[in-house]
Amino acid sequence: MRRHLISAADLSRADALLILDTAEELADLTDRPIKKLPTLRGRTVVNLFFEDSTRTRISFEAAAKRLSADVINFSAKGSSVAKGESLKDTALTLEAMGADAVVIRHGASGAAHRLAGWVRGSVVNAGDGTHEHPTQALLDAFTMRRRLQGAGAARGKGLDGIRVTIVGDVLHSRVARSNVLLLSALGAQVTLAAPPTLLPLAVDSWPCAVSYELDSELPKSDAVMMLRVQTERMTAAYFPSVREYSRRYGLDAARMARLPEHAIVMHPGPMNRGVEIAAEVADSARSTVVEQVANGVTIRMAVLYLLLGGTEFPEAAAEVSR
Amino acid sequence: MTGPAPGKGGQGAWLVRGAALAGAGAGVAQADGPADILVRGGTIAAIGSGLSQAGARVLDADGLVALPGLVDLHTHLREPGREDAETVETGTRAAALGGYTAVHAMANTDPVADTAGVVEQVWRLGRACGRCDVQPVGAVSVGLGGVRLAELGTMADSAARVRVFSDDGRCVADPLLMRRALEYVKAFDGVIAQHAQEPRLTEGAQLNEGEMSGRLGLAGWPAVAEEAIVARDCLLAAHVGSALHVCHVSTAGSAEIIRWAKSKGWPVTAEVTPHHLLLTDELAAGYDPVFKVNPPLRTAADVAELRRALADGTIDCVATDHAPHPVEAKETEWPEAAFGMIGLETALRAVQQAMVDSGLLDWDGVADRMSARPARIGRLAGHGGPLAAGRPASLTLYDPAAPPEAVTPGASKSRNTPFAGMELPGRVVATFLRGVPTVLDGKLG
Ligand SMILES: [Zn+2]
């Protein structure tokens, strides 16, 4: 593993499998009555959030605490940062506090890259602008592997041959970018389904297929990942109306019925029910939304553990050395 | 200020011995071999072999190329208003070190150079510094607002004698305002220098729209946003019969449109920056905003076409778009960072690498693209050569054989060079402004 986790492109197949397998170990351990492990005792993890994202922050916080790390939540809103302090000065402050890892969520693409140049500790990208969100992709891969390969039998396996369709605003989605990179590295066949306005111009250089239509992709999907439609896109002529968007790209019960029996429906949350996903789909047995949240904590534990080289965790340590 | 004042006889005279002449005009080509240049009383007194002059200081120019002093059509000197980034003093020092004897100071200062008062202030600051002529550019519209014409005629009639007008930094996007500006400056032989950027197509734009912008998740700056304006403005220039100059052409498509407009005989000229001749958007991969510039770095295919267009004369000249920014404007997240790069001190070396060492242009060609043509477009009679007896002794001595050296901080107040640490060939040895050395042995006089 490298020192930082900034882009899913930093992860080889072996790296990704190590994280997923470590997460499996941790899942077993956290199923026990005592959830806390002493592995990161005395280490400091800073959650540096420049954007409001309670879900992601809580997930990282829970992960760090279950590994017994000290957690400092540094919310940029209302702090010196909001008063014009630069990211670099914030980085120097974190250095002074002796942060072993900084988990950063920032509205600017590349912010995690920049931070990594200014701090000694590990940087974990928890979402930078419209660039990437690698731990989301890892938890999605983890969820897919468990659901489609079976939790017990999944260890050591990739996602070879699994067909994943990612639907919606790929252009502005850090979740889509990280997932395309990671899932393809793990052997999945990824297809993006979106209106042409919401796909990057040079998407043909990405390791995936592209379709402007959702219906034709559904029968050949093992997993469908619905991306959130950002309200600000609706006013910027990316599509004519929300109604037309849901009609063409929303996943409702009728569309869900076109999926193979075993296929799952994923969403990184928060969902716009009735826009990209109908309520009965979100609440159906195919939906993995709640599992994704739970798996998020486990995956982030694995990432922090591997980046910080935790001790006193013989099972996973053995796994790591394999 | 620098060296003895030009005087009669050999006093203050210089004898440049054995330089290869570039831009010497008809009949005197590089192939004729090295020549001596006798500089006296601010002018070139003689050019020939075996010249001598009692009392003259001798500069051994063996192996050096003599070019007419370089002229930059596109310099941001930042004064007044952003003296933390650059001043006329520091900017002209950088210019002299880069071999320049005249620069056009862009109008996007604070206050904007949209009145006779501001352009005269900048012009006077330049005169006071004395290292390099500073020719102010006037704004096209009041406050660069793109709504009302600035008092173009008053600026033209002022002591600064403004002939180039530009809202650079912003595009004159309103087609009617652009038409009127082009038409209006015909009255005093002016030219409108357009920063071609369709604003709606580039809202929030950060980086060339393509593979890199998609991968990095940065909002794309599409080539078509430049090309659409270039095409429109070429048509407008033809329609009203007035001079259009296209700033910092950055795409293959723009070059093609300009080639077409020129083939029609339309009064269109264009410039390209050294960075667009050498660098590509791949450099943005690490999100270092030192590579953030407007228009953005494009692809290798664009670079190749821009070089070809400069070589065949479709693009008339090299202009630096020297855009200094303080450290904090670049030491930040990419989307927050300022656009722009400095370039005065590295322009000639970059052009050697991109154009000469690649065999696309000889030194006569460099003299044409970096001195003669920009002087003509900027209406600067005292600059641009040719290196000939009787002409003002503004010239640059350059050593193309100097071993490639890493670019290091220079005289500019700012440090935002994209070439930092990169090796570029060549070295500016000396710069003379009207007979007075502003740079000797690569150092400010
Ligand atoms: Zn410009």
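Helices (H or I, at least four residues) and strands (E, at least two) are DSSP runs, numbered from the N terminus. The model is predicted: local features need pLDDT of at least 70, side-chain atom pairs count only at pLDDT 80 or more, and totals for chains, interfaces and linings use all residues. Residues are numbered from 1 along each chain as its sequence is written, chains are lettered from A and ligands numbered from 1 in the order written, and side-chain values use heavy atoms, without hydrogens and water.

**Stop 1: a loop in chain B**

Select Tyr287(B). This residue sits in the loop between helix H8 (274-278) and helix H9 (300-311) of chain B. Its phi is near 60 degrees, a positive value in a residue other than glycine. Is Tyr287(B) buried or exposed? With 0% relative accessibility, Tyr287(B) counts as buried. Buried means under 20% relative accessible area, exposed over 50%, and partly exposed in between (1.4 Å probe, protein chains only).

**Stop 2: a loop in chain A**

Go to Ser68(A). Its loop runs between helix H2 (54-66) and strand E2 (70-75) of chain A. Here too phi is positive in a residue other than glycine, near 70 degrees. Ser68(A) is buried, at a relative accessible area of 11%.

**Stop 3: two cis peptide bonds**

Select Gly269(A) and Pro270(A). The peptide bond that joins them is cis, with omega about -10 degrees. Look for Pro270(A) in the loop between strand E9 (264-266) and helix H10 (279-282) of chain A.

Now move to Glu79(B) and Pro80(B). They are also joined by a cis peptide bond, with omega about 5 degrees. Pro80(B) is in the loop between strand E6 (70-75) and helix H1 (88-97) of chain B.

**Stop 4: the domains of chain A**

Colour chain A by its domain assignment: domain 1 (8-133 + 292-321) and domain 2 (135-287). Such bounds come from an automatic or database domain assignment. The C-alpha centres of the two domains of chain A lie 25 Å apart. How many residues of domain 1 of chain A are in contact with domain 2 of chain A? There are 34, and they meet 35 residues of domain 2. Contact means heavy atoms within 4.5 Å.

**Stop 5: the largest nonpolar core**

A nonpolar core is a set of buried Ala, Val, Leu, Ile, Met, Phe, Trp, Tyr and Cys residues joined through side-chain atoms within 4.5 Å. The largest one has 99 residues. Select Leu67(B), Phe165(B), Leu348(B), Trp363(B), Val366(B) and Met370(B), which have the most contacts inside it. Helix H11 (residues 347-356) of chain B gives the largest share of this core, 7 residues. Domain 1 (14-66 + 390-444) and domain 2 (70-377) of chain B both contribute residues, so the core lies between them.

Show H11(B) alone. Of its 10 residues, 9 are buried. Among them are Leu348(B), Arg349(B) and Gln352(B).

Next, centre on Met370(B). Leaving out residues up to four places away in sequence, Met370(B) touches Leu70(B), Val71(B), Tyr100(B), Val318(B), Ala347(B), Leu348(B) and Val351(B).

A second, separate core has 64 residues, including Ala16(A), Ala64(A), Met266(A) and Met301(A).

**Stop 6: the second largest pocket**

On a 1 Å grid over the protein atoms alone, a pocket is an open set of points with protein on both sides within 12 Å along at least five of seven lines; a cavity is a set where a 1.4 Å probe fits but cannot get out; lining residues have an atom within 4 Å of a point. Grid points are joined across faces, edges and corners, and a volume is the space filled by probe spheres set on the points.

The second largest pocket has a volume of about 580 Å³. Which of its 26 lining residues lie nearest its centre? Select Leu97(B), Glu345(B), Arg349(B), Thr408(B) and Gly442(B). Strand E17 (405-406) and strand E19 (427-433) of chain B each supply at least two lining residues. Domain 1 and domain 2 of chain B each supply at least three.

**Stop 7: the cavities**

The whole structure holds 2 cavities of 30 Å³ or more. The largest has a volume of about 50 Å³. Its lining includes Ile44(B), His383(B), Leu387(B) and Arg391(B).

The second largest cavity offers about 40 Å³ of space. Finish on its lining, where Glu79(B) from Stop 3 returns, along with residues including Leu77(B), Met106(B) and Val122(B).
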